[in-house]
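The exercises below are to be worked through with the sequence and the model in view. Each task is followed by a solution in steps.

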Amino acid sequence: MKILIINNKGQYNHRIQRSLQNLDIPCELVPNHLTVEEIKEKEPMGLILGGGPSITMSGNSLDYIGEIDVPILGICLGHQLIAQKFGGDVETSKTESYAQVEINITNEEELLKGLAPKMDVWTSHKDEVKKLPENFKILASSDICDIEAMKHNTKDIYGIQFHPEVHTTPKGDIVFQNFYEICKNNLNK
């Protein structure tokens, strides 16, 4: 079993795959036009929704978000797609961000375990989640973005605005290792 990385046509999707491979986490990069059935056939242990150019240009159907009972991690655009699917609002940010920023972790949950209270991360985005979806809670924020990380209240569905796959997020590997643990624990339920 492996984690499927949904390629949303962003510049960092192959880096996500490489990061997981470097951590010996089984994974496969797949296009974002796969159907729910095609994804289920691959029997993933988890899904990572990668980044992309913008929410309107991603070409992502969103059909599988919440329809496949495995942990999901949305990164940047993936985070925004999750928020939109569950009724949150995504808008163009007042401060487009292409820099390293410090996030404040207010709720570690399992994804950010061992990383609180602050973490340096790389952000690269024009859009951001402006309104938290119903049944989600905020895990982290920053001076430039109120919802840097979120989690569904009862499901293993996470979203992060930042990029753990680049070296300018020094502890990004821990995020991926934590997500892998979440996926393995889900298999044992």
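**Exercise 1.** How many helices and how many strands does the secondary structure of the protein chain come to?

Solution. The model is a predicted one. Counting through the protein chain gives four helices and nine strands. Placed in sequence order, these elements read β-α-β-α-β-β-α-β-β-β-β-β-α.

**Exercise 2.** Decide how the protein chain compares in compactness with a globular protein of its length.

Solution. Start with the rule: for 189 residues the globule rule gives 16 Å. Next, take the radius of gyration of the protein chain, which is 15 Å and close to that value, so the chain is as compact as a globular protein of that length. For the extents, the C-alpha trace spans about 40 × 35 × 30 Å along its principal axes.

**Exercise 3.** Describe the burial and the contacts of the protein chain.

Solution. Of the 189 residues, 53% are buried. For contacts, consider those between residues at least 6 apart in sequence: 69% of them join residues at least 24 apart. On the outside, the protein chain exposes about 8600 Å², and carbon and sulfur atoms supply 43% of this area.

**Exercise 4.** Locate threonine 35 and classify its exposure.

Solution. Threonine 35 sits in the loop that runs between strand E2 (27-31) and helix H2 (36-41). Its relative accessibility is 35%. Partly exposed covers the range between under 20% (buried) and over 50% (exposed), so threonine 35 counts as partly exposed. Finally, threonine 35 and histidine 79 are 44 residues apart in sequence, and their C-alpha atoms are 19 Å apart in space.

Notes. Residues are numbered from 1 along each chain as its sequence is written. This is a predicted model: local features need pLDDT of at least 70, side-chain atom pairs count only at pLDDT 80 or more; totals for chains, interfaces and linings use all residues. Side-chain values use heavy atoms; hydrogens and water are left out. Helices (H or I, at least four residues) and strands (E, at least two) are DSSP runs, numbered from the N terminus. The radius of gyration is taken over C-alpha atoms; the globule rule is 2.2 Å times the number of residues to the power 0.38. Buried means under 20% relative accessible area, exposed over 50%, partly exposed in between (1.4 Å probe, protein chains only). Contact means heavy atoms within 4.5 Å. Accessible areas come from the Shrake-Rupley method with a 1.4 Å probe; for residues, only the protein chains shown count as cover.
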